[in-house]
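This report concerns aromatic rings and charged side chains, and the contacts between them. Please consult the sequence and the model shown below.

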Amino acid sequence: MKVSLAVTAMVVVAFAVPLGLVVRELAGDRAFSNAERVAAAVAPALSITTDRDQLERVVASVGSDASLAVHLPAGDGGEALDIGRRRATAEDIAAVRKLGRVSTSAVSGGSALLQPVALSTGEIAVVEVFVPESEVTNGVGTAWAVLAAVGVALILGSVAVADRLGVRMVRPARRLVEGAHELGEGKLGARVPEEGPTELRLAAVAFNSMADQVVQLLANERELAADLSHRLRTPLTVLRLNAASLGDGPAAEQTRAAVEQLEREVDTIIRTARDAKPQTAAAGPGAGCDAAEVVRERMAFWSALAEDEGRKWRVAGADRPVRIPVARADLAAALDALLGNVFRHTAEGTAFAVDVHNGDDAVIVLVSDAGPGIPDPEAAMARGRGSGSDGSTGLGLDIVRRLAESTGGDVRIGSSVLGGTEVRIWIQLDGRERAPRRHGHRGTVRRRGPARLTASFNRLRSLP
């Protein structure tokens with residue numbers, strides 16, 4: 001519409017301005033042509049007689065003496081004779097007599113046409129015809145108004161046509177954008193009407209085909225996850241039977257509890273895959289769990305293995321309730337993934353710690369160890385890459401990342417005060433600030449929290 005407005009306005013100006021000037025010139029030529037005809041009507045009488053009375057009757061018959069005047073020269077010592085009202089100056093009249101050709105002179109209220117006429121005596125008389133300014137501009141205003149109206153109509157018409165043409169292109173493009181946003185938000189049923197110009201129609205066809213393929217791929221992935229999880233039932237059954245034969249004792253009870261929990265997790269994976277519901281979806285209002293309670297529970301589970309391997313451990317900040325908008329099972333899975341990494345990738349006897357800090361708008365959970373550390377934290381956060389060692393799939397840290405990002409938080413990997421690796425989980429409480437995401441790596445995201453929470457977090461890290 002802007003392009004059409006600019007182009008049409010330039011075309012209208014290019015044609016309307018010259019036309020307006022031509023109209024004004026035509027009006028002036030018309031007025032002076034009429035004045036020349038009036039002057040030409042007096043010329044025959046001047047060639048016959050110079051009698052004042054007869055000339056006055058001729059002037060009266062041709063036009064009013066208010067607009068017509070005759071200037072006779074002085075002959076044989078007589079005086080010059082003026083018939084009618086003179087508006088031109090004596091100098092202009094003398095110049096016309098001398099040059100012997102028609103001339104115009106600007107006078108008050110308009111212009112005066114001065115036409116020389118030869119008398120029978122050989123002298124030159126001058127006929128003066130007054131042309132008012134109103135006659136020079138007669139009809140010019142109306143013509144300009146008509147040109148302006150036509151120009152405005154052309155501009156409005158072109159803008160209206162451009163609007164209709166633009167809608168034909170913009171509407172399908174907007175629908176394509178809306179469909180892309182809906183698909184990006186997880187609405188897999190989003191489709192785009194295949195209409196509009198050829199290019200946009202082809203883009204809509206390609207988008208719908210892509211959406212169908214995405215739905216099919218996700219369905220295949222869910223079925224594959226469910227099938228792979230279902231295959232674990234057979235070895236789990238064997239483990240459960242073997243655990244039942246271990247007899248009594250703390251180790252046997254822990255083994256049986258671990259097998260039962262593993263069976264529950266496998267069932268959850270199968271149901272989630274079948275229902276296509278993400279495990280780390282943000283909890284609704286009033287949902288969530290007590291992070292301190294979950295930390296104490298999981299540390300009690302891992303403490304038995306830590307004692308067997310001679311590892312020192314500690315828990316800080318879990319002595320009072322800490323509510324977070326995360327499901328209990330999800331937080332437990334994230335802690336198990338991090339603590340499992342500690343036992344899997346550090347030598348026996350390596351100390352570790354879990355710290356919980358509750359701020360005004362976020363909760364920080366720290367899992368640190370005294371191991372060798374992670375040389376490439378960015379690669380460790382990449383889903384599916386792992387550390388390259390046996391038993392590492394690269395999915396544990398991704399589970400932690402998705403849990404944090406479901407609340408608007410993030411995950412960072414750094415060096416701990418114990419000398420090894422520190423994994424910091426930032427869990428946002430209000431959900432207003434979303435952690436930015438980057439293609440290629442996840443988790444090592446730079447962000448700023450409140451100054452008070454940062455200071456408290458630094459004090460927590462300095463605890464023995």
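Arg298 lies over the face of Phe301, at 4.7 Å from the ring centre; a charge counts as sitting over a ring if NZ of Lys or CZ of Arg is within 6 Å of the ring centre and within 35 degrees of the ring normal. Arg311 is placed over the face of Phe343, likewise at 4.7 Å from the ring centre. The model is a predicted one, in which local features need pLDDT of at least 70 and side-chain atom pairs count only at pLDDT 80 or more, while totals for chains, interfaces and linings use all residues. Residues are numbered from 1 along each chain as its sequence is written, and side-chain values use heavy atoms, with hydrogens and water left out.

Both ring partners named above, Phe301 and Phe343, belong to a cluster that ring pairs build together with Trp302 and Phe352. Rings of Phe, Tyr and Trp (its six-membered ring) pair if their centres lie within 6.5 Å; planes under 30 degrees apart are stacked, over 60 edge-to-face, and the rest tilted. The count by this rule is 3 aromatic pairs. One of them joins Phe343 and Phe352 edge-to-face, with 5.5 Å centre to centre and 65° between the planes. Phe343 counts as buried because its relative accessible area is 10%, where buried means under 20%, exposed over 50% and partly exposed in between (1.4 Å probe, protein chains only). Phe352 is buried as well, at 1% relative accessibility.

The structure holds 12 salt bridges, each a side-chain nitrogen of Lys or Arg within 4 Å of a carboxyl oxygen of Asp or Glu. Three of these pairs are listed here.

| Salt bridge | Closest N to O |
|---|---|
| Arg298 and Asp336 | 2.9 Å |
| Arg311 and Glu309 | 2.7 Å |
| Arg424 and Asp410 | 2.6 Å |

Arg424 lies in strand S12 (residues 421-428) and Asp410 in strand S11 (residues 410-415), so this salt bridge ties together parts 14 residues apart in sequence; helices (H or I, at least four residues) and strands (E, at least two) are DSSP runs numbered from the N terminus. Arg424 is buried at 6% relative accessible area, and Asp410 is buried at 2%. Salt bridges with shared partners also join Glu293, Glu297, Arg298, Arg328 and Asp336 into one network.

Within that network, Arg298 pairs with Asp336. This bridge links distant parts of the chain, with Arg298 in helix H9 (residues 291-308) and Asp336 in helix H10 (residues 328-345), 38 residues apart. Both Arg298 and Asp336 are buried. In the remaining tabulated pair, Arg311 is buried at 5% relative accessibility and Glu309 at 18%.
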